[in-house]
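Reader: Could you show me, step by step, how to read the places where a protein meets DNA?

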2 protein chains.
Amino acid sequence: MKKKITLKQIARELDVSISTVSKALRDSIEISEDTRQKVQAFAKLYNYRPNNIALSLKNRKTKTIGVIIPEIVHHFFSKVISGIELVANKRGYNVIIGLSNESFDKEVINMQMLANGSIDGFILSIAKETLQQQDYHHFKETINQGMPIVMFDRIVNEIHCDKVIIDDLKGSKNAVSKLLSNGCKNVAIITTKDYVSVGKLRTQGYLEALEAYEITPDTDLILKVDDELVSDDRLESLEREIEGLFQNNKNIDGVFAVNELYAIIAMKVARNLGMKIPDDIQFIGFTDGVLSKHATPSLSTVSQHGQEMGEAAAKLLIDNLERDDEEERYTTIVIETELIERNSTK
Amino acid sequence: MKKKITLKQIARELDVSISTVSKALRDSIEISEDTRQKVQAFAKLYNYRPNNIALSLKNRKTKTIGVIIPEIVHHFFSKVISGIELVANKRGYNVIIGLSNESFDKEVINMQMLANGSIDGFILSIAKETLQQQDYHHFKETINQGMPIVMFDRIVNEIHCDKVIIDDLKGSKNAVSKLLSNGCKNVAIITTKDYVSVGKLRTQGYLEALEAYEITPDTDLILKVDDELVSDDRLESLEREIEGLFQNNKNIDGVFAVNELYAIIAMKVARNLGMKIPDDIQFIGFTDGVLSKHATPSLSTVSQHGQEMGEAAAKLLIDNLERDDEEERYTTIVIETELIERNSTK
DNA sequence: TGTCAACACGAAAACGTTTTCGCTATGAAT
DNA sequence: ATTCATAGCGAAAACGTTTTCGTGTTGACA
């Protein structure tokens, strides 16, 4: 087992100084051709690589990005990470992951763990609990210490930083408009409680679409589900809620759901009730994931383009990190959504 | 913007030495009650936290685990990460992610990026291309340099290190036996090419189950699909392949697929051909993901318990890192699979 | 008064780099 | 012969810690 070799060891071995070795390896003109070759050959032989930690300490930058997300077993978030990793790697950065698990405390702890010099900046999506408690001091403190943050998807206006979002309102408005233009007269929405910003916005898009078609919203057709974090028994009760929705409103002929799972479950319930998709009832979901694509019938969805969001966020952060003018100008990038039409709509 | 404060700054501010500050913060008995309180108060006021990079350099350990996986937009792998993160965090470690994207080169580059001091050890699952080329020098070198590796799922016997696997053979043998005991007479398997070790093992399990039931394997019923990495047009051709399988073998009444997607697609094809599930034909997949649970009919699967695998791998690695006896004894942990019966089987 | 332990603190090394500055020897130019 | 530029290299500082060792002051005790 030959341990990693250091400059000091090379220096001792070749009977030169550490500085000489360092310079020789970086092709400095100060060093004679002779010694340069000697050093480089030796270094190659022993497979020398500069110690990253030492470099980080010296340069006061780690070339590492911290990413905090609510969960990773989730198509959207893993897509985003995939995008982050892509541009980060291309630009010589590493990605270090923290999971908040939708918990405020874990979010804070994770950020503290990373903010002590381990990373150069954050990319994050806010935990639900944090959104509920509306306690954002940890973000403010981090930014105050000079560590840049890029937020994506679940953001909050109160915090002043770079952001990458989609136009939730427009995306859902489009989707609902599509249902209406496809002939649906009674479109229901399955959404989340309002504290989830995206849920709220998507509900608003629904309402605006109705308005554009001069339809008065019917509160009976708006189902606000308690939580997105779905355990197995929550699933059961969700099914019953949706079943109730359909039973009490026999005229429903279109459903817009603010996420993929709600839409899939609603389709299942509808089919069990004997409705034909898309003839009797049409469905559109939000967030294009593996479920939408492979469901039967395949589900039309509003794609969030998670990978692009990740790429944009990473670009924003790294550009910021490598920009030397100190002038802070925060930008918000809006990624366009895309309505992917499949077999759950006509 | 108040930047992070250092020991040196505290020392200067309070007119004591750096050593005194350091000791005071760590409650050393060398320091008088007076100065201790003064220093601690000051540190708290300025929210002092030791710089992680400096600590890493000094201690020659980073308390960070490097994870290299083929892709992250994948239920199984994200589950594993989730498990790794859980125990890593609990034990004060961070997790840094590298994606090989199934490419040999990216695997090597990623490992080099991390092996230069950024991490204390690796947890990884081998890229397909690496398995094909059978070039494992980067693993050997890493281990030789004293950096421990834990492999999970896609392993290779040639490399001597800790491993976490499932009993692929047993898992698939169980699944196929289940189909047979459910009355299936002609069970087909949809599998991958043999270079993917798990594909090979699962195929073998299939054969052993048949043997146990004294059934002679029919090569027509063994469909070896080219690649697991499925792009959209690959999907189409996969459907046609499976359709061919069914058309040419009308007697098939059971299907075992080595992953979830193959099973879902096969179910779809079968349904389109007018077969009733599970009456005419039964299905079991491998890898319990979101598709299996929410498909209609829901798919019976062999669960790999990804999260547990991640937890076990992290525990193995950290135990190794924190053990001081130098005696190397590699262990292989086998995580039990579980057959989850849903509606695609009787 | 002289000795010694205990106390409280500081200096410095070490981790592995990079970089600035200074030094010496060589040869050329005056 | 003296000056001077230059080539080639080394010493040391710096990044932020922790820890070992040394040192000065105090008070107690013989």
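Author: What follows is a short dialogue on the protein surface near each DNA strand. This is a predicted model, in which local features need pLDDT of at least 70, side-chain atom pairs count only at pLDDT 80 or more, and totals for chains, interfaces and linings use all residues. Residues are numbered from 1 along each chain as its sequence is written, chains are lettered from A and ligands numbered from 1 in the order in which they are written, and side-chain values use heavy atoms, with hydrogens and water left out.

Reader: How many residues surround DNA strand D, and which are the closest?

Author: A residue is near a strand if one of its heavy atoms lies within 4 Å of it. Here 28 residues surround DNA strand D, and the closest are A:Thr20, A:Lys23, A:Glu30, B:Leu7 and B:Lys58. Of the atoms of DNA strand D that come within 4 Å of the protein, 58% are accounted for by sugar and phosphate.

Reader: Which part of DNA strand D lies 2.4 Å from a polar side-chain atom of A:Glu30?

Author: A polar contact is a pair of N or O atoms within 3.5 Å; within protein, one must be able to donate a hydrogen and the other to accept it, and residues adjacent in sequence count only if both atoms are side-chain atoms. For A:Glu30 the partner is a base nitrogen of DNA strand D, whereas a backbone N or O atom of B:Leu7 lies 2.8 Å from a phosphate oxygen of that strand.

Reader: What does A:Leu7 approach on DNA strand C?

Author: A backbone N or O atom of A:Leu7 lies 2.8 Å from a phosphate oxygen of DNA strand C, while a side-chain N or O atom of A:Lys58 is 3.4 Å from a base oxygen of DNA strand C.
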